[in-house]
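Colleague: I'd like to learn how to read a two-chain model feature by feature. Could you walk me through this one?

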Amino acid sequence: MTPDLWTIVWLSLKISLVAVLVTLPIAFVLAMLLARVRFPGKFLLDGLVHLPLVLPPVVTGWLLLLAFAPNGPLGAPLAAIGVSLLFRWTGAAVAAGIMALPLMVRAIRLSIEAVDPRLEGAARTLGASRLRVWRTITIPLALPGIAAGAVLGFARSLGEFGATITFVSNIPGETQTLPIAIYSALQVPGSDPMVARLAVISVLLSLAALLLSEWLSRRGGVDHVF
Amino acid sequence: MSFDVDVRHRFRSGTVAALAFQSGAGLTALFGPSGVGKTSALAMIAGLLRPDAGHVRVAGRTLFDRTTNVPAEQRRCGYIFQDARLFPHYRVRANLLYGAGRAAGAGMTLDEVSALLGIAHLLDRWPRTLSGGEAQRVAIGRALLSGPAFLLMDEPLASLDRPRRGEIMELIERVRDEVGLPILYVSHDRGEVDRLATTVVEMGSV
């Protein structure tokens, strides 16, 4: 059976969007910790965050499978409340989110590090609590980089293949995203037109996301904040 | 007594910033060549750098000693930096009012400060469109509007050209004489110090 083109595209967009929305707050907290807090074991956390970037994706997928299996460390508590991510689009979103995490953390961390700590000091002498300095100085100045990181993560999620197919398999209409659909179509003789159509959509979506991310990060830097 | 300061801080690099002095009302100039730790001393008085030991008392209030360490945001310190250090994502008006919340009612109003410093026409501008002299005026205004109990000025003229220096120096004299807050003024320029200072504290190389 060949699900129609728009089912595939819509599913990919939905999975990527959910992946980014769920990952963004986590990436933000991690980026903040790595950029501004000194704590023991920091290099370990840094390494762990970056692991999905260098690990073979199929290994990441297998680890997710172990973790979210019904008797796994994360799967068991989820099973207790009747939730399973295996072979579901939600599982695909988790896989995409994990794979996008290092890129998002990197982009957000750089933008936080680029905020001049002397401006934050000036704000404190003016009577602003640490929380207010955060809200009124650090986050607004880092915002273009945070947005760029989110868009970059979205683009990465759209392209996610190895961890996803390992973790949630290839189920049309449920976990068959654009790259997986292209891979499937390639197995069937005579499906070249379908492959070409899917590939063109992939290129256009990725390019658009990349340009948007680039444009957003260029708006960073003190001179171009507004 | 306006300032009663005795602070020292050893940096990871091994260099030590130390300063001890007492002074009365008016403008106290910390005078010395660059690199003797004048800026670090101001940062310790402002609460941005924690001294290893010593005490900071300003206008009778203990800001730091063995048992006290008032956080920077509660020291009521109007800090004017060498670079104006305005917030680039706020217009001049919002920069000026950034610290005004805590001063509510007390101290000067936006109109009074704008008139004193001649910046009323700049209120809707972005900081990046200001000249160095204009930015420094706004920075002084922002400090005054935060309801400070004292002012710290860290070479506020150093990044300005000569005519601008004269203008800002006149403003500082007006602030000194009309606002009446204790001012601690850091400089390596003998001329500035002679003209502005009520008391001079020399900082030699340690």
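Colleague: Let's start with one residue. In which helix is A:Thr136 found?

Modeller: Keep in mind that this is a predicted model. A:Thr136 sits in helix H7 of chain A, which runs over residues 130–158.

Colleague: Is A:Thr136 buried or exposed?

Modeller: For that you compare the relative accessible area with a cut-off: under 20% is buried. A:Thr136 comes out at 11%, so it counts as buried.

Colleague: And which residues is A:Thr136 in contact with, once its neighbours within four places in sequence are left aside?

Modeller: Those would be B:His89, B:Tyr90 and B:Tyr98. That takes us to the interface.

Colleague: Fine, how many residues of each chain are in contact there?

Modeller: On the chain B side there are 24, and they touch 23 residues of chain A. B:Glu73, B:His89 and B:Tyr98 supply 34% of the area that chain B buries against chain A, more than any other three residues. Two of those names, B:His89 and B:Tyr98, also turned up beside A:Thr136.

Colleague: How much area do the two chains bury between them, and what share of it is on carbon and sulfur atoms?

Modeller: About 2000 Å², with 61% of it on carbon and sulfur atoms.

Colleague: What about charges? How many salt bridges does the rule find across the interface?

Modeller: Two. One salt bridge joins the side chains of A:Arg124 and B:Glu73, at 2.5 Å from N to O. Polar contacts are a separate tally: five residue pairs across the interface, both partners at pLDDT 80 or more. As for elements, strand E6 (77–80) and helix H4 of chain B are the ones that give two or more residues to the side of chain B that touches chain A.

Colleague: Now a helix within chain B. Which residues of helix H3, residues 110–117, are buried?

Modeller: B:Leu110, B:Val113, B:Ser114, B:Leu116 and B:Leu117. To see whether a set like that forms a face, look at the arc it covers around the axis. Here the arc is only 165°, which means that they are on the same side of H3(B). The face turned away from that buried side carries the exposed residues B:Asp111 and B:Ala115.

Colleague: What do the buried residues of H3(B) pack against?

Modeller: Three helices of chain B: H2 (92–97), H4 (132–145) and H5 (162–179). Have a look just past the helix too, where B:Gly118 takes a positive phi of about 65°.

Colleague: Let's try a strand residue. Where does B:Asp6 lie?

Modeller: In strand E1 of chain B, residues 3–10. At 35% relative accessibility, B:Asp6 counts as partly exposed. Sequence distance can mislead you here: B:Val56 is 50 residues away along the chain, yet the two C-alpha atoms are separated by 6.4 Å. Beyond its sequence neighbours within four places, the contacts of B:Asp6 include B:Leu19, B:Ala20 and B:His55.

Colleague: Last topic, annotations. Which residues of chain A does UniProt list for "transmembrane region"?

Modeller: The unreviewed entry gives 15–35, 47–69, 89–112, 133–155 and 194–212. You can then check such spans against the model. Residues 89–112 are 100% helix, with end C-alpha atoms 32 Å apart. Residues 194–212 are also 100% helix, and their end C-alpha atoms are 27 Å apart. UniProt also places "domain: ABC transmembrane type-1" at residues 9–213 of chain A, again in an unreviewed entry. In the model that span is 79% helix and 0% strand, and its end C-alpha atoms lie 21 Å apart.

Methods: Residues are numbered from 1 along each chain as its sequence is written. Chains are lettered from A and ligands numbered from 1 in the order in which they are written. This is a predicted model: local features need pLDDT of at least 70, side-chain atom pairs count only at pLDDT 80 or more; totals for chains, interfaces and linings use all residues. Side-chain values use heavy atoms; hydrogens and water are left out. Helices (H or I, at least four residues) and strands (E, at least two) are DSSP runs, numbered from the N terminus. Buried means under 20% relative accessible area, exposed over 50%, partly exposed in between (1.4 Å probe, protein chains only). Contact means heavy atoms within 4.5 Å. UniProt positions are given in the numbering used here, feature names are shortened, and annotations may be inferred rather than shown by experiment. The arc is that of the directions from the helix axis to the C-beta atoms. Buried area is the accessible area (1.4 Å probe) that two parts lose on being put together, summed over both. A salt bridge is a side-chain nitrogen of Lys or Arg within 4 Å of a carboxyl oxygen of Asp or Glu. A polar contact is a pair of N or O atoms within 3.5 Å; within protein, one must be able to donate a hydrogen and the other to accept it, and residues adjacent in sequence count only if both atoms are side-chain atoms.
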